[in-house]
Amino acid sequence: MAEKVLMKGNEAIGEAAIQAGCQCFFGYPITPQTEVAAYMSRRMPKVGRVYLQAESEVAAINMVYGAAGTGVRVMTSSSSPGISLKAEGISYIAGAELPCVIINIVRGGPGLGGIQPAQSDYFQATKGGGHGDYKLVVFAPASVQEMVDLVQDAFDVADKYRTPVMVMGDGMLGQMMEPVEFKERPKKELPEKTWAANGLRGREKHNIINSLFLKPEELEDHNNKLQAKYKEIENNEVRYELYNCDEEMDLVIVAYGTLARICKNAIKMLKKEGINVGLIRPITLWPFPTEAFEKVMDKTKNGFISVEMSCGQMVEDVALSVNGRKPVHFYGRSGGMVPTPAEVANRIKGIVGGAK
Amino acid sequence: MAVVFERPKALLDVPTHYCPGCTHGVIHRLVAEVIDELGILDKTIGVAPVGCSVLAYDYFTCDMYEAAHGRAPAVATGIKRSVPDSVVFTYQGDGDLAAIGTAEIIHAAARGEKITTIFVNNAIYGMTGGQMAPTTLPGQVTETSPYGRDVNTAGHPIRVSEMISTLDGAVYVERVSVDSVPNIIKAKKAIKKAFEIQLKGLGFSFVEVLSICPTNWGLSPNESIKWLRDNMIPYYPLGVKKDATTGEVK
């Protein structure tokens, strides 16, 4: 077992990427993720790899496009407004089927918004963000340890499916310090990157990294191919945690990231008052863990509550998963306001009717 | 019988989509001849822009990328940093490079990225059908400057080569033209030098090529050549703007 070290979330992201074989990092400073870039600028040259501060998030994501096309593992990181700027490049990366890892340490929006933790980029991450029919695999860690594990998994998933993967944490997760262990990871069987454009080097036909298909028939074929890939990801890569969901429940919370940890504390508080609440914690926001709802559907008396640090975004996927079979409630704070366990518990008591 | 003229190995044997009289074909050929002559086809990676030469990736036989509008220098940076022994070039038009991609080209040059940019300047947006470009001359009529470019409202054309030559990371900057055989020969020499500078790892190299657009200028190819000579060359003077290998700065 590897040694546990105390690390700030943002720095742990950097180290996890390095240990996953990330060859290039292209960044741009933005609060609250700047420590990722700072860590990479210290470490990458020491291990003979590439750190480069781009002139903008736009340039950084296009450098990612260039590097990913050559077949190396590459990462960029940013926070909400910066991810908006990267959206163009992410669409091209998805269109050209390039693997890469994108970190989003989310802060409150819209616009310049604030610099405090939020989850208000859920729509942007899971429903598109950029133009066109594409999907991002989105991992939502709830602890620094899980962030380390998921960043490493993200590189494998990206390579396996030739697709961009986002690891999305809120500002809290980036800034907090927790003990982490960098585990020895078994080598994954991954497809060879025969598509990489890194120079012919004896290859007969040139490789082209491209997302342009001028003939409608060809673009539709390409889209169908992408959709088939997304279907496969939906079948294979869904991740979630069920917490306290074994018995009959008064309500089931759906929450992700650090907020899910706050909700666990709320669940413990409510238990003392005789209210039994379960938790579905999506670990992949896309593909959304719809199957988790089937496991608890018959056990929840009052349905579900989506608890978010946003104004009601994930609740739409909760409603789609529940599909009218049970009530769906919502509780959200925004702008960098982080609900306390007591606030979550109070909202739940309002729904289930106080102590039993 | 000795072969005295043939298609460069760096170009595919396919028809291009360029309009009759367009000089993109000549410029493609010059780049391809240089790749052949330097024997670097195996390690060259090209980046096509958005604009008339968007499909350049279908014409060159080396590995190719198609970049987002204006982002070719950033894409090329990602490629070169990942595969340092490769030879990376971007091929960009004036809308792509001098408007939407200004930040990317300036910073790639400032960083001294070891890449080569071929900048094709025809003073107009060609692919979208002839709109005003950052390089459109004062008074020039385009679809979006129907009364002629009025510098009071639309601002002034950008002399990109002169701007790039002020940056320390740029090692070699030259403006050439493909309006005549002697100038085509000079253009090839400049492109070759630009690639050689990259091969030596000296820094960023940049060749601006004045080019014609008969279709969107509304002129015949011959009239277009004359228009380029009479209007573009006076505003965009030809020659080496900077050569750090000799210490020359103009």
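Biologist: How far apart do the C-alpha centres of domain 1 and domain 2 of chain A lie?
Modeller: Bear in mind that this is a predicted model. The domain assignment splits chain A into domain 1 (5-236) and domain 2 (240-352). Taking the C-alpha centres of domain 1 of chain A and domain 2 of chain A, the separation comes to 28 Å.

Biologist: Which element gives the most to the side of domain 1 of chain A that touches domain 2 of chain A?
Modeller: The contact takes 25 residues from domain 1 of chain A and 22 residues from domain 2 of chain A. On the domain 1 side, the elements giving two or more residues are helix 5 (122-126), strand 6 (137-139), strand 7 (164-170), helix 7 (171-175) and helix 8 (216-236) of chain A. That side divides into 15 nonpolar, 7 polar and 3 charged residues. With 4 residues, the top contributor is helix 5 of chain A.

Biologist: Which residues touch the most other members of the largest nonpolar core?
Modeller: Nonpolar side chains tend to be buried together in soluble globular proteins. Here the core draws at least three residues from each of domain 1 (5-236) and domain 2 (240-352) of chain A. Val101(A), for one, touches residues including Ala17(A), Met75(A), Phe155(A) and Val167(A), leaving out those up to four places away in sequence. Of the 190 residues in this core, the ones touching the most other members are Val64(A), Val101(A) and Cys263(A).

Biologist: Now over to chain B. Which helix of chain A supplies the largest share of the side that touches chain B?
Modeller: The contact pairs 34 residues of chain A with 29 residues of chain B. Strand 2 (24-27), strand 3 (50-53), helix 3, helix 4 (80-95) and strand 9 of chain A each supply at least two residues to the chain A side. Sorted by type, that side has 17 nonpolar, 14 polar and 3 charged residues. The largest share, 8 residues, comes from helix 3 of chain A.

Biologist: Is Gly69(A) buried or exposed?
Modeller: Gly69(A) sits in helix 3 (residues 57-69) of chain A. Beyond its neighbours within four places in sequence, its contacts are Leu98(A), Ala196(A), Ala197(A) and Ile209(A), plus Tyr65(B) and Ile79(B) from the other chain. Because Gly69(A) has 35 C-beta neighbours inside 10 Å, it counts as buried.

Biologist: What is the C-alpha separation between Gly69(A) and Lys193(A)?
Modeller: Along the chain, Gly69(A) and Lys193(A) are 124 residues apart. In space, their C-alpha atoms are separated by 9.5 Å.

Biologist: Ile209(A) came up too. What is its bridge partner in strand 2 of chain B?
Modeller: Strand 9 (residues 208-209) of chain A runs parallel to strand 2 of chain B, joined by 2 bridges. In this pairing, Ile208(A) stands opposite Met64(B). For Ile209(A), the bridge partner is Tyr65(B).

Biologist: And within chain B, which residue of strand 2 is the bridge partner of Gly46(B)?
Modeller: Strand 1 (residues 44-48) of chain B pairs with strand 2 of chain B in the parallel sense, over 4 bridges. Both faces of strand 2 (residues 63-66) are covered, with Asp63(B) and Tyr65(B) buried on one side and Met64(B) and Glu66(B) buried on the other. The bridge partner of Gly46(B) is Met64(B).

Biologist: What ipTM and pTM does the model score?
Modeller: For chain B, the average pLDDT is 97, and 100% of the residues score at least 70. As for the model, the scores are ipTM 0.97 and pTM 0.97.

Technical notes: Residues are numbered from 1 along each chain as its sequence is written. Chains are lettered from A and ligands numbered from 1 in the order in which they are written. This is a predicted model: local features need pLDDT of at least 70, side-chain atom pairs count only at pLDDT 80 or more; totals for chains, interfaces and linings use all residues. A residue is buried if 20 or more other C-beta atoms lie within 10 Å of its own, exposed if 12 or fewer, and partly exposed in between; C-beta atoms are placed from the backbone. Two residues are in contact if their C-beta atoms, placed from the backbone, lie within 7 Å. Two strands pair if DSSP finds at least two bridges between them. Domain bounds come from an automatic or database domain assignment. Ala, Val, Leu, Ile, Met, Phe, Trp, Tyr, Cys and Pro count as nonpolar, Asp, Glu, Lys and Arg as charged, and the others, Gly among them, as polar. pLDDT is the predictor's confidence in each residue, from 0 to 100. A nonpolar core is a set of buried Ala, Val, Leu, Ile, Met, Phe, Trp, Tyr and Cys residues joined through C-beta atoms within 7 Å.
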